[in-house]
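Dear colleague,

I am handing over the structure that we talked about, and I would be glad if you could look through it at your own pace before reading my notes.

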Amino acid sequence: ESKRARRGGYHFYSSRMNAAIGARFELAQELREAMDRQEFHLLYQPKVAVSSGRIIGAEALIRWASPGRGVVSPGRFIPIIDEIGLGVRLGAWVIDAACAQMAAWDAQGQAPIPVSVNVSAAQFHSGEIVTQVRQALAKYSLDAHRLELEILESMAVGDSANANATLSALRAIGVGIALDDFGTGYSSLVYLTQVPANVLKIDRGFIVNLLPDARQQAIVERIISLAKVLHYTVVAEGVEERGQSTLLAAMGCDVFQGNLFSKPVRAEEFVALLQAPPFVTSIDG
Ligand code: C2E
Ligand code: MG
Ligand code: MG
Ligand code: MG
């Protein structure tokens with residue numbers, strides 16, 4: 001009886017595992033096809049200057065419009081893309097598409113809009129990122145200062161000599177480097193003095209808990225003041241409430257990004273936001 005139950009349990013576990021592996025395999029196969037069928041597109045989320053309420057840039061965020069699954073978010077498919085060896089190729093596409101969009105906005109007569117793109121771990125460590133950036137900037141005749149790359153702490157910490165060489169090469173071209181999801185990694189604040197980056201994005205997790213938690217306020221306040229001493233531009237991501245923006249403005253935050261201002265939108269909608277009056281960034285501003 002107990003032997004049978006154990007065997008049954010093993011059987012159950014094993015078939016569940018097979019199902020999970022099968023589902024992942026299927027997703028991987030669909031992603032390979034998605035590359036060739038061009039099922040990816042970018043959305044743009046405004047970055048708003050705290051001082052003026054004006055849009056000073058955009059973060060490009062990828063979406064996969066899958067014929068079978070609907071719109072899939074990058075949190076689900078980017079890790080698999082990297083795992084199956086497509087990170088470099090998709091990363092090149094993202095940089096190219098973001099640069100193409102900047103050039104298209106320029107051609108429409110918009111004031112130059114800077115765009116930041118996210119970089120996957122595989123793309124960053126491939127060593128091809130510098131070439132990808134150079135090629136895209138040249139192809140669309142863009143000033144390097146228009147482009148910013150968002151990287152995670154974890155990418156720069158592991159293999160810090162190589163990572164810093166890559167980041168320094170990108171900074172030398174003139175491209176901006178933002179530390180995304182800052183505060184979620186394990187590195188100390190000393191990291192900020194060593195990594196060649198110029199923008200710090202405070203992770204949404206801190207912002208969510210800002211109002212109810214005085215300890216979070218103390219942490220965020222100190223991150224912001226240290227970052228300012230080190231000449232970083234400080235971006236708060238995931239700002240959803242007026243109370244958060246008012247507090248962050250008082251703490252000296254430079255830039256807001258979040259659904260309080262706008263969720264990520266299509267390029268055409270982004271242009272409409274540029275034409276609208278400035279946002280209110282704090283209660284007295
Ligand atoms: P991230 O770079 O930290 O991007 C911010 C995420 O927060 C985005 O999710 C954005 O839609 C979401 N967000 C912005 N404001 C708010 C808010 O007020 N409330 C809430 N709840 N969420 C907000 P998304 O677009 O699903 O992207 C998730 C992650 O996927 C990104 O995190 C980034 O790490 C990665 N990713 C996105 N696009 C790309 C890409 O083109 N390439 C690579 N390699 N990774 C990407
Ligand atoms: Mg990002
Ligand atoms: Mg982030
Ligand atoms: Mg994130």
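Below are my notes on the metal sites, a strand beside them and one helix residue.

Please keep in mind that this is a predicted model, in which local features need pLDDT of at least 70 and side-chain atom pairs count only at pLDDT 80 or more, while totals for chains, interfaces and linings use all residues. Residues are numbered from 1 along each chain as its sequence is written, chains are lettered from A and ligands numbered from 1 in the order in which they are written, and side-chain values use heavy atoms, with hydrogens and water left out.

I begin with the magnesium ion (ligand 2), whose protein donors are E59 (OE), N118 (OD1), E150 (OE) and D180 (OD), at 2.0 to 2.2 Å from the ion. Donors here are N, O and S atoms within 2.8 Å of the metal (3.2 Å for Na, K and Ca), and since water is not among the atoms, sites may look incomplete. Along the chain these donors follow the spacing E-x58-N-x31-E-x29-D. Because E59 lies in strand β2 (residues 55–66) and N118 in strand β4 (residues 115–118), the pair ties together parts that are 59 residues apart in sequence; helices (H or I, at least four residues) and strands (E, at least two) are DSSP runs, numbered from the N terminus. E59 counts as buried at 5% relative accessibility, whereas N118 is partly exposed at 26%, where buried means under 20% relative accessible area, exposed over 50%, and partly exposed in between (1.4 Å probe, protein chains only).

The magnesium ion (ligand 3) has its protein donors in D180 (OD), D181 (OD) and E237, which is listed twice (OE), and they lie 2.1 to 2.3 Å from the ion. D180 bridges this ion and the magnesium ion (ligand 2), and the two lie 4.1 Å apart. D180 is buried at 8% relative accessibility, while D181, at 25%, is partly exposed.

Strand β6 (residues 176–182) has 6 of its 7 residues buried, so it is largely enclosed by the rest of the structure. Strand β5 (residues 147–152) pairs with β6 in the parallel sense over 5 bridges, pairing being counted if DSSP finds at least two bridges between two strands, and the partner of L152 in β6 is D180.

Finally, T166 lies in helix α7 (residues 160–173) and is buried, with a relative accessible area of 14%. Neighbours within four places in sequence aside, T166 is in contact (heavy atoms within 4.5 Å) with F124, I129 and V130.

Best wishes
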